[in-house]
Amino acid sequence: MASHAIEVKNLYKIFGPNGRDFVDAVKKGMGKAELNETHGHVLGLQDINISMPAGGVMVVMGLSGSGKSTLIRHINRLIDPTAGEVLYDGVDVCKMNDNDLREFRRHKTAMVFQKFALLPHRTVLDNTVYGLEIQGVERKESEKRARGWIERVGLKGFENHYPNQLSGGMQQRVGLARALTNDADILLMDEAYSALDPLIRVDMQTVLLDLQKELKKTVVFITHDLDEALRLGDKIAILRDGRVVQQGTGQEIVLSPADDYITAFVKEVNRGRVINVETIMRPLSGNAEGVPLVTGTVLESAARTMTAARVATAHVVDVNGRPLGALDLSTVIAAMVTPVSHEDRAAA
Amino acid sequence: MASICSVLPAMLCKFPAIDESTIRLARKAVDDSFKGFVRSYGNAIDTVVQPLQWFLNYLESLFVSSPWIVILALMVAVVYFGSRNIAITIGTALSMITIGLVGLWNDTMVTLAMVTVCTLISILIGIPIGILMARSDRVQAFVNPVLDVMQTMPSFVYLIPVVMIFGIGKVPGLIAVVIYAVPPMIRLTNLGIRLVDKEVLEAADAFGSSTWQKLKNVQMPLALPTIMAGINQTIMMSLAMVVVASMIGVGGLGKNVLQAIANQFFTVGFLNGFALVGIAIIFDRTSQAFGKRLQKHSEVIHG
């Protein structure tokens with residue numbers, strides 16, 4: 001079953017008893033501060049339009065209070081929107097009745113939570129089968145599937161432990177196994193790795209990327225960490241004060257940040273691991289020289305290959321080995337350091 | 001004070017109570033209408049609660065007529081498998097044997113039967129009401145003051161209407177005990193469910209749990225420690241109340257205490273009192289140890 005894209009259209013969320021009354025005012029330009037001070041309502045999200053790629057990882061990034069957790073909860077409608085649409089496979093999630101919504105949550109979505117949210121009185125195995133149990137799948141069958149996923153996330157042998165007996169990283173593996181066992185098209189990850197140690201976080205990112213290569217689910221991943229966003233995201237949207245400031249691929253955001261806010265973020269990024277060789281190559285003039293580099297190679301490994309081969313020039317080839325362009329070591333290094341213009345903007 | 005009164009109008013000095021004859025009339029009207037209600041519906045109510053009477057009689061005769069050794073063995077077994085604690089088990093056996101030696105075995109059995117039925121009924125009534133209360137703030141706002149009244153109203157006061165309706169006997173005693181013992185069950189069920197981690201509930205929602213699935217899989221299991229505390233409290237309060245209930249015809253240890261009070265039998269009073277304490281401690285330790293054992297999964301091994 002192929003995954004479908006999720007379309008978020010003109011989504012507004014205003015917290016408070018009469019949120020609906022203020023949508024027009026917000027559309028006309030009333031700000032978050034004014035809404036809060038004069039009307040006592042909190043602006044959660046405004047005018048969100050994101051198209052989340054089918055079978056890809058969509059990362060929504062923002063600092064705390066930017067509305068990212070509110071946004072992800074609209075996709076399975078744990079939070080009801082004030083206005084707007086969330087379309088999946090042509091159906092507006094926001095218009096489903098209780099029964100359809102429950103079926104949608106059971107079969108189409110699975111969610112991983114920042115604080116794990118495991119059932120403390122159930123063992124790892126019983127936590128993992130939870131989604132299938134809710135669906136009414138036979139215990140023998142659901143247990144078989146759950147055991148498979150427990151093994152995939154590296155928890156074999158811990159099936160009969162209780163969550164409290166596991167470390168944070170292991171608990172989140174249970175959370176991931178629970179979500180994957182559901183075999184839903186949409187995987188929602190709400191700051192799933194934010195509570196983990198840096199090393200374990202990178203480890204879990206690798207687990208997700210490896211799984212995603214074969215599963216091709218539509219993943220929505222929330223994070224406040226730009227490095228994590230760049231590593232995981234096929235597409236990234238950056239939120240600030242409930243508004244999308246910029247969306248695009250990681251490279252687009254790093255190479256042309258939309259404003260000072262994003263520039264400040266991007267400044268600290270290891271550009272060598274984000275930018276690909278084809279982005280900075282120049283058109284091929286004459287014969288291909290130096291070592292061949294496949295498209296999609298990041299600058300850091302390009303530089304490593306070139307220095308190891310003791311050459312200053314290289315050419316970019318596509319997957320079939322056809323030459324596409326050329327570049328030299330100084331271009332690579334220049335692209336890896338933060339441009340001066342960005343430094344100035346961030347300092348200003 | 002009299003000097004202040006001399007300058008104040010009389011109305012502000014002495015409280016202007018409603019005329020005594022008016023009060024008397026109102027009182028008579030309420031009393032008469034209640035008596036009328038009892039006359040016309042008393043028999044119907046008696047019929048409705050008849051099964052309770054049968055159940056109580058059956059359990060009491062079962063406890064009293066069984067050989068003591070069977071009951072003792074049963075109690076020790078229940079306590080051991082409930083608590084898995086040798087000390088509590090031995091303590092239970094010793095206190096029951098002491099109770100038997102001083103000649104209070106039969107009375108204790110009567111009291112045990114009564115407390116068992118009262119506790120079961122309190123749980124049966126308390127848990128559903130507690131669940132309803134946890135689900136709706138409106139129900140909570142309504143039930144809470146009722147519980148306050150039930151807990152603070154002196155028990156002798158609500159014994160009056162109970163006796164008027166049911167007369168003297170076990171069932172009115174049972175009702176009086178349940179009125180007194182059910183509030184902690186309701187309150188702690190409500191509290192336990194309301195304290196369930198919001199994030200775990202959200203996870204249950206995200207996986208598409210129905211209301212019943214959420215209650216069964218998440219709310220009740222996570223509220224269980226608090227609910228167990230409620231059951232424990234209910235047992236303790238039933239035991240305390242069986243003495244008062246003996247005033248309206250409940251037999252057992254309470255009746256002996258009542259006679260001891262009336263006749264100033266110092267030793268009899270204390271012997272029966274300690275028998276009640278013994279049962280109370282057995283119930284308390286066993287139910288607490290059982291509750292703790294249910295919570296084994298919450299032991300933290302990893303930091």
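Let me start at a single bridge in chain A: in strand E14(A), the residue that partners Val317(A) is Pro323(A). This is a predicted model, so everything I describe is read from predicted coordinates. Val317(A) and Pro323(A) belong to the pairing of strand E13 (residues 313-317) of chain A with E14(A), which is antiparallel and runs over five bridges. The two strands form a hairpin with five residues between them, and within that hairpin Gly321(A) adopts a positive phi near 90°.

On to the other partner of this strand. E14 (residues 323-328) of chain A also pairs with strand E11 (residues 282-283) of chain A, again in the antiparallel sense, although here over two bridges. If you want a residue to look for, Arg282(A) has Ala326(A) as its bridge partner in E14(A).

What order do the strands take in the open sheet of four? Reading across chain A, the order is E11-E14-E13-E12, and the pairing is mixed. The edges are formed by E11 and by strand E12 (291-294) of chain A, each of which pairs on one side only. The parallel part of that mixture is the pairing of E12(A) with E13(A), which are joined by four bridges, and there Leu293(A) stands opposite Val316(A) of E13(A). As a reminder, strands of a sheet pair through backbone hydrogen bonds, in either a parallel or an antiparallel sense.

Stepping back to the whole of chain A, we count 16 helices and 14 strands. Its radius of gyration is 23 Å, close to the 20 Å that the globule rule gives for 348 residues, and chain A is therefore as compact as a globular protein of that length. The C-alpha trace of chain A spans about 65 × 55 × 35 Å along its principal axes, and 40% of the 348 residues count as buried. If we take the contacts in chain A between residues at least 6 apart in sequence, 68% of them join residues at least 24 apart.

Chain B is built from 13 helices and zero strands. For its 303 residues a compact globule would have a radius of gyration near 19 Å, but chain B has 24 Å. The C-alpha trace of chain B extends about 75 × 60 × 50 Å along its principal axes, and 33% of its residues count as buried. Among its contacts with a separation of 6 or more, residues 24 or more positions apart account for 76%.

One helix of chain B deserves a slower look, namely H9 (residues 170-194). At 1.5 Å a residue, the 25 residues of H9 of chain B should span 36 Å, and the end C-alpha atoms are indeed 36 Å apart, which agrees. H9(B) nevertheless carries a kink of about 35° at Ala181(B), shortly before the proline Pro183(B). Is this helix enclosed or open to the outside? Of its 25 residues, 22 are buried, so H9(B) is largely enclosed by the rest of the structure.

Finally, the place where the chains meet: 21 residues of chain A are in contact with 20 residues of chain B. On the chain A side, the elements giving two or more residues are helix H4 (98-107) and helix H6 (130-135). By class, that side of chain A has ten nonpolar, seven polar and four charged residues.

Technical notes
Residues numbered from 1 in each chain as written. Chains lettered and ligands numbered in written order. Predicted model: local features only at pLDDT ≥ 70, side-chain atom pairs only at ≥ 80, totals over all residues. Contact = placed C-beta atoms within 7 Å. Nonpolar A, V, L, I, M, F, W, Y, C, P; charged D, E, K, R; others polar. Rg over C-alpha atoms; globule rule 2.2 N^0.38 Å. Buried ≥ 20, exposed ≤ 12 C-beta atoms within 10 Å, placed from the backbone. Expected span 1.5 Å × (residues − 1). Bend = angle between axes of the 7 residues up to and from the residue. Pairing = 2+ DSSP bridges.
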